[in-house]
Amino acid sequence: MSGRGRVAAWTLISAFVLGACGCAASNPARPGPQPPSRGLMAHSGQLSRLDPKQQAVELRTELEELFGQDVFVGVRVARSRLRGDPDFTQAAVSALSRNSDDLTTLLGRVYGSARAEEFRRLWESQQEGLVAYARAASQHDQAAKAAARGQLDASPRRIARYLDDLTSGGAAAPVISSHLRTHINDLMHFTDAYAAGDYATAYRIERVDYERQFRLGTVIAAGIVGGRGQDLPADFDSPLTRLQSALGELLGEHLQLAVDAMGAALRGGPEFRADAAQVNADTEQLASAFGVLFGPQNGRRFASVWGDHVDALISYSGAVAAQDQNGKAKALAQLRAFVQHLSTFLSTSTQGRLKAPAVAALLRMHDSELVQQLDAYARGDYVTVHRVIYEAYQHMFDVAKILSAAIGPTIAARLPKGGVQTGGGGMASSR
Amino acid sequence: MNRWPAIPLAAMSLAGLLLLVPGCGGPGRGPAAAPSRGGPATAAEPREPPDVAGFRSVRTYDRPAPPVRLWIPAIAVSTRLVRLGRLADGSLEVPHDWNTAGWFDRGPRPGQPGPAVILGHVDSTAGPAVFFRLRELRPRDIVRVGLADGRILVFRVQRVRRYPKDEFPAKAVYFPTLNRELRLITCGGTFDYASRNYLDNIVVYATLVT
């Protein structure tokens, strides 16, 4: 990494850490207006237009993040509705609105707010259908389920047509429609499985759908940036962008799954085991990724340190449920140890490109957000729960950006060099 | 940014839908009661509370077994795979046997996140070699990789590219993007009889299907 690149990366880290501390300090539980989301939208100044060619990577990562987030928030609405937890549902629906608000704002920055408003109308109509389906399932009302299914039937086609038109054919309607139809079917299957107490199936579906919707963000971003049949900017799908995207997907998923497992641990919910199994699956994928990036031995080391992190979070939740002050203190001490171990690991693995104190600040913030949302949940402050989760999820994508900016050059320096000499006779010459 | 005032009718109807739900309170309520316990109201039978205290996170991960065979039906390739390392100049080692392909064992294994790399010769001093027809592959062709534990992974070809060796895009070919992919590499283009080397490389990009 060049000196200039290092400065740029650490300017980002500093800005992120400082910004996050500001967030944590101003932490009122406010049921009213939502704070602005960061990223492209936060810098928009409301009116400035976004140039997709110039900001292709940011557009891609933000669309991936938001479409992925929609799955977890939507599932949280359905699950709390089935659990009979109306206040939680209410706050989750606000988070769902915030997500579609952010998507609309992002599209509005490219195409103007007037054209983007149509997206909000179509998208929220689809969300309403899914909420109606969950409500019907909770009431064992087959007729209402069928009505919700009917309401949802035309949604993929409508949204796909709209996006195709918006992007002048860049986001092809058949592709988008197929994505969305499978998404709707998955969420209905999730609802049915959860209602039947088949949590293992429900959570498997949730993760598959998250991955699919995350990729829907990629497809739509490519449609916006490239248009029909045009070349994408080189950095849109560069190896580094793909690494950042993949890390963001896994870290964002970790955040969401950890939140759900902690909530289930606090409630003593029967779905805890299935929740925890999915957290483990995500941990395995993260460890596998680090094993590829830094070698199998480091992959195992990462898995061990990350496992400490997950264990501490679950222990903390159990201690809060049991009102065990010693247990809480012990779990928090474990989290502090995790921060030290992982920041050292990442700094060493990237040959100092990531500075341990700065990484530690990021990790502390991540832990603090997870603890904060759990504490808010325990006191029934669901507005704060959803606000903190919303922002904590977004922060994971900032972390992915910082990690990939440091990991990329570390890995690039170790790649094999040049082509290969795999011919001997000239028989294949210019065939 | 205060976004709530801008929420249009559609968003209001989403919230309104909730207000129709019996027992669904508005935002003006005080702190809610402790989180409800248990699963969905519709779950058929009472269940044991979960063993939260007994939970222990996973601390390992599944690493696919090493690849041992390669099949490419479209170009009639069936070969065992040998391990390959790197040469002193940083480039990849190539198989000693013209008719056997090899895999770069210091990169991702097939099935792991990232691009697994398999190399084979296009020809020998005596005739065609194992990857003689590699350049004939087309998008959607299938590539199968057999692992040491008996599993068979299926990849689908995405694209085939030819690069001059002196402009070989190492980053695009080798960088571990965390997508489960395969690269098949051989020689192509013009044969330089002076150096007895081809001037280009053919690279086939494939992604994991199952």
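Start with chain B: from the N terminus on, its elements run α-β-β-β-β-β-β-α-β-β, that is, two helices and eight strands. Helices (H or I, at least four residues) and strands (E, at least two) are DSSP runs, numbered from the N terminus. You are looking at a predicted model, in which local features need pLDDT of at least 70 and side-chain atom pairs count only at pLDDT 80 or more, while totals for chains, interfaces and linings use all residues. Residues are numbered from 1 along each chain as its sequence is written, and chains are lettered from A and ligands numbered from 1 in the order in which they are written.

**Stop 1: the barrel of chain B**

Show the strands of chain B as a cartoon. Eight strands close into a barrel, in the order β1-β2-β3-β4-β7-β8-β6-β5, with mixed pairing; two strands pair if DSSP finds at least two bridges between them. From one strand to the next the twist averages 35°, where axes are lines fitted to C-alpha atoms, for helices over the stretch in contact, and angles run from 0 to 180 degrees between N-to-C directions.

Now select β4 of chain B, residues 114-119. Six of its six residues are buried, meaning that 20 or more other C-beta atoms, placed from the backbone, lie within 10 Å of a residue's own (exposed is 12 or fewer, partly exposed in between). Over chain B, buried residues make up 38% of the 210 residues.

Which strands does β4(B) pair with? On one side is β3(B), residues 101-104, joined to β4(B) by two bridges and running antiparallel; pick Trp103(B) and you will find Ile118(B) opposite. The other is β7(B), residues 180-192, joined by six bridges and running parallel. There, Val117(B) has Arg183(B) as its bridge partner.

Next, select β6(B) (152-164) and β8(B) (197-208), an antiparallel pair with nine bridges. Arg161(B) is matched with Val203(B) in β8(B).

**Stop 2: two domains in chain A**

Move to chain A and colour domain 1 (47-233) and domain 2 (238-410) separately; these bounds come from an automatic or database domain assignment. Their C-alpha centres lie 25 Å apart. The contact takes 20 residues from domain 1 and 21 residues from domain 2, two residues being in contact if their C-beta atoms, placed from the backbone, lie within 7 Å. On the domain 1 side, the elements giving two or more residues are α2 (56-83), α3 (86-111) and α8 of chain A.

**Stop 3: α8 against α10**

Select α8(A), residues 199-226, and α10(A), residues 272-294: their axes come within 8 Å and cross at roughly 35°. The crossing is right-handed, which means that the near helix is turned clockwise from the far one by less than a right angle (anticlockwise would be left-handed). Show side chains for Tyr199(A), Ala200(A), Tyr203(A) and Arg207(A) in α8(A), which meet Ala274(A), Asp275(A), Ala277(A) and Gln278(A) in α10(A).

**Stop 4: Gly226(A)**

Finish in helix α8 of chain A, at Gly226(A). Is Gly226(A) buried or exposed? Gly226(A) counts as buried because 20 other C-beta atoms lie within 10 Å. Leaving out residues up to four places away in sequence, Gly226(A) touches Gly170(A), Asp231(A) and Leu232(A). For a last distance, pick the C-alpha atoms of Gly226(A) and Leu103(A): they are separated by 19 Å, and the two residues are 123 residues apart along the chain.
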